[in-house]
Amino acid sequence: MNNCMISDSAMIKENVIIGDNVIVEDNCYIDYGVILRDNVHIKKGSYIGARCILGEYLMDFYSDRINKVHPLIIGENALIRSDTIIYGETIIGSNFQTGHRVTIRERSMIGNNVRIGTLCDVQEDCSIGNYVSLHSNVFVGEKSVIKDYVWIFPHVILTNDPTPPSKTLIGVTVEAYAAIAAGGIILPGVNIGEDSLVGAGSVVSKNVEKETLVVGNPAKKKSQIQEIENKQTGQQVYPWKYTFSRGMPWEELGYNQWLKSESSK
Amino acid sequence: MNNCMISDSAMIKENVIIGDNVIVEDNCYIDYGVILRDNVHIKKGSYIGARCILGEYLMDFYSDRINKVHPLIIGENALIRSDTIIYGETIIGSNFQTGHRVTIRERSMIGNNVRIGTLCDVQEDCSIGNYVSLHSNVFVGEKSVIKDYVWIFPHVILTNDPTPPSKTLIGVTVEAYAAIAAGGIILPGVNIGEDSLVGAGSVVSKNVEKETLVVGNPAKKKSQIQEIENKQTGQQVYPWKYTFSRGMPWEELGYNQWLKSESSK
Amino acid sequence: MNNCMISDSAMIKENVIIGDNVIVEDNCYIDYGVILRDNVHIKKGSYIGARCILGEYLMDFYSDRINKVHPLIIGENALIRSDTIIYGETIIGSNFQTGHRVTIRERSMIGNNVRIGTLCDVQEDCSIGNYVSLHSNVFVGEKSVIKDYVWIFPHVILTNDPTPPSKTLIGVTVEAYAAIAAGGIILPGVNIGEDSLVGAGSVVSKNVEKETLVVGNPAKKKSQIQEIENKQTGQQVYPWKYTFSRGMPWEELGYNQWLKSESSK
């Protein structure tokens, strides 16, 4: 615990292990048994749940058991629930939330207002935008790219190896506002178009056009998303950005007004 | 650790953290590093595996970091394996068993003789009957209802959002004696009928009639369950309540005799 | 901690719990909060990540809370990442690697150079050969047999109960050099032939012939594996043993030369 800066206003509970060069800013709360390895920087107002491991070792630790410098930065006001493991060499934006037992590997870039659910496994070299929600137990393969305002539901798998096993991984790209329903499997290199919807249990082997609903194994186009009706009300639901706003930046204004106000900034 | 009642006959191992208003009854065993947050009541004869967290914080903790009163009651003779997390505001019956790393959220009602396997994730506001078995890594979405004597096999997903993302969640209902084989995905609001069987890897978008076998993506009726034969013996297998009894209340008498004895009570 | 042999060259970090009859050989590293229950033998050069539980209790512990003798042997140079749980009564070969939160049950035989990814759940009585790779969150049902050089990708399920729920479990067999892509479900008793490939999201209910590609739900033969082309290069990819060698024993020589050198031994 050399060269650390732990704010006096931070709450550090029992059995916390703190490595070298660790910064814990004001009003953080580090619960029982957390392990902060070297070079971890936790910004103000963040809560780190019991027994999380932050700054976990990369592979280069294990040869000589000397921890190399792989900083981890957690943005302001994070809420990281218990038993989550985040590797070094990753940068995470503000208002980050996780469920329990999340694993996030090295060299990932994660934006602001991202939520990652219980048991999610985010592999190395991924890029995740802003306001992205991953529900429980999503597998995000190495080199995946997830743009802003994307929703991914439980047990979805983003793959990356076109000819397994091989050395040439090609990640999936999920464009802004797209949603992938539970249990979907996206094959390597596939592009999931803006505002599109992948139905539950679909196996997607080809690019999905924007504003398109695909379903099935193999997934095929079923309709434009504008044709989907709420079965109870008969009303149009998609693009969801016009009908759903909880936790989104347009929660107050509605999507159109918010977009206007953004573009006039 | 104010206002706690810890039985003298309870075994408390090293590094256990105990909050306020905790009751641990006779002959309980609390293994290394368990966290019992406030208002947890563990009834007699229960085993709590290493590093479980019982009475985990609900969302209302995180705003001011003050734990509100959300009691958790664990019935007699529980066997909760290591690394399991159970939130406050839940009531669990007697003879409860879990595998490792189970997560159970708030406001769930769980009956007697329930078994929940390794990595299962039971979301909030669920109702689980008696003698229910969830195998490994089952996802039970918010507002799911699982009746008595149901079997759910590995990696099954019970969904709840008809138009994701939305605010209107409609849980799945699984009727008594139904079985859902591995990897099945049940769409929001679907009713899985009594004694029915959902084949492995099925994606079920419509209600399943009682005593019916459905398979495929999308799932379609294949036969009545009475027509299913054991491939080795050629014998009728379903309804399984007549051919399988291990751990069931009719283990001694057989289903018919047991039913008679129950109805004459 | 009676009757233990802990090498002077082993690094034992804080809060490690050590039972009776434990052997930790030279140059091992036991990270924070690991629990070594009784009769665990860790061979030289192994790394055991934070909060692993090795030698976890079998069912016979819970009746009288007395640990019976169920030895666990971990071979040389293991790299077992944090939060992994391995039961007693299992033998694991050398150069074993796991991700985080792996669960391995009792009476499994695991060969040399095996890698088991984050969240994998290996049930009891399984047999896993040499140079096998299980990626994240694979479910290996009781009585599964996985031969040498097999690759199994994320969220694959190996089932075992032909008429769930029943008492007669029949495990899956995966023959040497086979690969099962992400999200595949293999039904009970199915044989996955040598050098075969199961496509992502397939539900396999019948035996797969050797050197065959199957896809779909239900899975059907699509082609011989020799007909699969790399979409970018147009080149033949399978059998993969001729085109991929990282971490394999033929990494230096290539498969054919290596096979020759092996057969002349």
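How many residues lie between β31(B) and β32(B) in the hairpin that they form? There are four residues between these strands, and G216(B), located in the turn, has a positive phi of about 100°. The model described here is a predicted one.

**The hairpin and the sheet**

Strand β31 (residues 212–215) of chain B and strand β32 (residues 220–224) of chain B run antiparallel and are joined by four bridges. One pairing within this hairpin involves V214(B), whose bridge partner in β32(B) is K221(B).

The wider sheet may be described in chain C. Here twelve strands form an open sheet with mixed pairing, in the order β2-β5-β8-β11-β14-β17-β20-β23-β26-β29-β31-β32 (chain C). The edges are occupied by β2 (11–12) and β32 (220–224) of chain C; each has a single partner strand, so one side of each is left without a neighbour in the sheet. Elsewhere in the sheet, strand β17 (residues 115–116) of chain C and strand β20 (residues 133–134) of chain C run parallel, with two bridges between them. In this pair, I116(C) has L134(C) as its bridge partner in β20(C). As a general point, side chains in a regular strand alternate between the two faces of the sheet.

**Relation between the chains**

Chain B is superposed on chain A by a rotation of 120° with 0.0 Å of shift along its axis, at an RMSD of 0.0 Å. The two copies are thus related as by a three-fold rotation axis. Among the residues of chain B, N217(B) comes closest to this axis, its C-alpha lying at 4.0 Å.

Chain C can likewise be laid on chain B by a turn of 120° and a shift of 0.0 Å along the axis, with an RMSD of 0.0 Å. In chain C, the C-alpha nearest the axis belongs to N217(C), at 4.0 Å. Only 20% of the interface residues of chain C are also interface residues in chain B, so the copies meet through different surfaces.

**The interfaces**

The contact between chain B and chain A involves 40 residues of chain B and 41 residues of chain A. Between them these chains bury about 3,200 Å², with 59% of it on carbon and sulfur atoms. On the side of chain B, the residues that lose the most area to chain A are R65(B), P164(B) and P165(B), which together account for 20% of what that side buries.

For chain C and chain B, 40 residues of chain C are in contact with 41 residues of chain B. The area buried between them is about 3,200 Å², of which carbon and sulfur atoms give 59%. R65(C), P164(C) and P165(C) lose the most area to chain B, together 20% of what the side of chain C buries.

The salt bridges across the two interfaces are listed below.

| Chains | Salt bridge | N to O distance |
|---|---|---|
| B and A | D31(A) with R37(B) | 2.8 Å |
| C and B | D31(B) with R37(C) | 2.8 Å |

One salt bridge is found across the interface of chain B and chain A, and one is counted between chain C and chain B. Polar contacts link 16 residue pairs across the interface of chain C and chain B. On the side of chain C that touches chain B, β9 (53–56), α1 (60–64) and β12 (85–87) of chain C each supply at least two residues. By class, that side of chain C has 21 nonpolar, eleven polar and eight charged residues.

Methods: Residues are numbered from 1 along each chain as its sequence is written. Chains are lettered from A and ligands numbered from 1 in the order in which they are written. This is a predicted model: local features need pLDDT of at least 70, side-chain atom pairs count only at pLDDT 80 or more; totals for chains, interfaces and linings use all residues. Side-chain values use heavy atoms; hydrogens and water are left out. Copies are superposed by least squares on the C-alpha atoms of residues with pLDDT of at least 70 in both. Two strands pair if DSSP finds at least two bridges between them. Contact means heavy atoms within 4.5 Å. Buried area is the accessible area (1.4 Å probe) that two parts lose on being put together, summed over both. A salt bridge is a side-chain nitrogen of Lys or Arg within 4 Å of a carboxyl oxygen of Asp or Glu. A polar contact is a pair of N or O atoms within 3.5 Å; within protein, one must be able to donate a hydrogen and the other to accept it, and residues adjacent in sequence count only if both atoms are side-chain atoms. Ala, Val, Leu, Ile, Met, Phe, Trp, Tyr, Cys and Pro count as nonpolar, Asp, Glu, Lys and Arg as charged, and the others, Gly among them, as polar.
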